[in-house]
Amino acid sequence: MQNGKQVDLPARVERVRHKTRPWKSIIALLLAIAAAVISHQAHRDAFTTSHLTNQLVAYGTAVLFLVFGSIATYSLAGKSRELLEPTAGQAHSAIVRYAILIVGAFTTLVITLLLIGVDVSQLVLGGAITTVFLSIAAQQALGNVFAGLVLVFARPFKAGDEIRLQAGALGGTLDGIVTDIGITYVRFSADGTVMSIPNSQVLNAVVGPIPPEAEDPVAVGDGRSGTPGGPEQPHPSPPGPA
């Protein structure tokens, strides 16, 4: 029994951590909000008559906001990945996690600097300009990423489906099997060749099942009647003279 308990102990610990993880992020977020409110009020000398004490409280709670905000961002990003991975896949859930980490870290840093009293207008302006230039430079790649997210959530097809893609950008019609839906490409097996098609082109294409082949009308007859497709029946010979 002792060995069995020792074997089950790591699994039990993992289950407990999995259950308490959402509460960890929620509590950290609430503590971060409380620290931000206290720091803002301390800057207005709302707690004591001593200006120095209020400044110490403001700076200390600003640091606490940075700590709790970072914990909340990391926990929420990890939880979002766990929730999305069964439906969206590992690649797309990782993108969502990284997006939450980047946005959360930037927001936490800006608010912390504001609580300390640093002018962040130039930082925000520079970040916005950099984001615009990066978006223009990576427009096609970002388009494929967002198209991949749409394909994953809309689910017009899934890996293993045999479908037909029809679009001018694809050179006409493609029949094959979807092998994988990635971050930027859909892997498509057609005529024994695996191709990588950009997600944006797949999203703009007409998608549907491969229609069945039309039946040959010559092979419809059963050969036992005079129906079309059957063998010709012999004509009776005319009667002879009496």
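Reading salt bridges, cores and confidence

Q: How many salt bridges are there by the rule used here?
A: Side chains of opposite charge can pair when their charged atoms come close. The count in this predicted model comes to 3 salt bridges.

Q: Which residue forms a salt bridge with Arg164, and how far apart are the closest N and O atoms?
A: The partner is Asp175, with the closest N and O atoms 2.7 Å apart. This pair links distant parts of the chain: Arg164 belongs to strand E1 and Asp175 to strand E2 (residues 172-181), 11 residues apart. Asp175 counts as partly exposed because its relative accessibility is 29%. Arg164 is also partly exposed, at a relative accessible area of 27%.

Q: Where do Glu82 and Lys79 lie?
A: Both are in helix H2 (residues 51-88), 3 residues apart, which is about one turn of the helix. Their side chains meet in a salt bridge with an N to O distance of 3.6 Å. As for accessibility, Glu82 is partly exposed at 27%. Lys79 has 16% relative accessibility and therefore counts as buried, the cut-off being under 20%.

Q: What does the side chain of Lys158 meet in a salt bridge?
A: The side chain of Asp161 is the partner, at 3.5 Å from N to O. Lys158 counts as partly exposed at 44% relative accessibility, and Asp161 is partly exposed at 22%.

Q: Is Ile163 buried or exposed, and why?
A: Ile163 has a relative accessibility of 6%, so it counts as buried. Ile163 is found in strand E1 (residues 162-167). Between Ile163 and Asp175 there are 6.0 Å in space, C-alpha to C-alpha, although they are 12 residues apart in sequence. Setting aside neighbours within four places in sequence, the contacts of Ile163 include Phe157, Leu174, Asp175, Phe188 and Val207.

Q: Which residues have the most contacts inside the largest nonpolar core?
A: In soluble globular proteins, nonpolar side chains tend to be buried together. Here the largest nonpolar core has 16 residues, and Phe157, Leu165 and Phe188 have the most contacts inside it. At least two residues of this core come from each of helix H5 (139-154), E1, E2 and strand E3 (185-190). Another core, of 6 residues, lies apart from it, with Ala36, Ala62, Phe65 and Leu115 among them.

Q: What is Phe188 in contact with, leaving aside its neighbours within four places in sequence?
A: The list includes Ile163, Leu165, Leu174, Ile177, Val178, Val194, Met195 and Ile197. Asp175 and Gly176 are also in contact with Phe188.

Q: What span should helix H3 have, and how far apart are its end C-alpha atoms?
A: Helix H3 (residues 90-116) has 27 residues, so at 1.5 Å a residue it should span 39 Å; the end C-alpha atoms are 39 Å apart, which agrees. Among the buried residues in H3 are His92, Arg97, Gly104, Thr108, Val110 and Leu115. Gly117, just after H3, takes a positive phi of about 110°.

Q: What is the mean pLDDT of the protein chain, and where is pLDDT below 50?
A: The mean is 75, and 76% of the residues reach 70 or more. Over residues 1-7 the pLDDT is below 50, and this stretch has 0 contacts in the model beyond near neighbours in sequence. Residues 214-230 also stay under 50, with 9 contacts beyond four places in sequence. Where pLDDT is low, the predicted coordinates should not be read in detail.

Methods: Residues are numbered from 1 along each chain as its sequence is written. This is a predicted model: local features need pLDDT of at least 70, side-chain atom pairs count only at pLDDT 80 or more; totals for chains, interfaces and linings use all residues. Side-chain values use heavy atoms; hydrogens and water are left out. Helices (H or I, at least four residues) and strands (E, at least two) are DSSP runs, numbered from the N terminus. Buried means under 20% relative accessible area, exposed over 50%, partly exposed in between (1.4 Å probe, protein chains only). Contact means heavy atoms within 4.5 Å. A salt bridge is a side-chain nitrogen of Lys or Arg within 4 Å of a carboxyl oxygen of Asp or Glu. pLDDT is the predictor's confidence in each residue, from 0 to 100. A nonpolar core is a set of buried Ala, Val, Leu, Ile, Met, Phe, Trp, Tyr and Cys residues joined through side-chain atoms within 4.5 Å. The expected span of a helix is 1.5 Å times one less than its number of residues.
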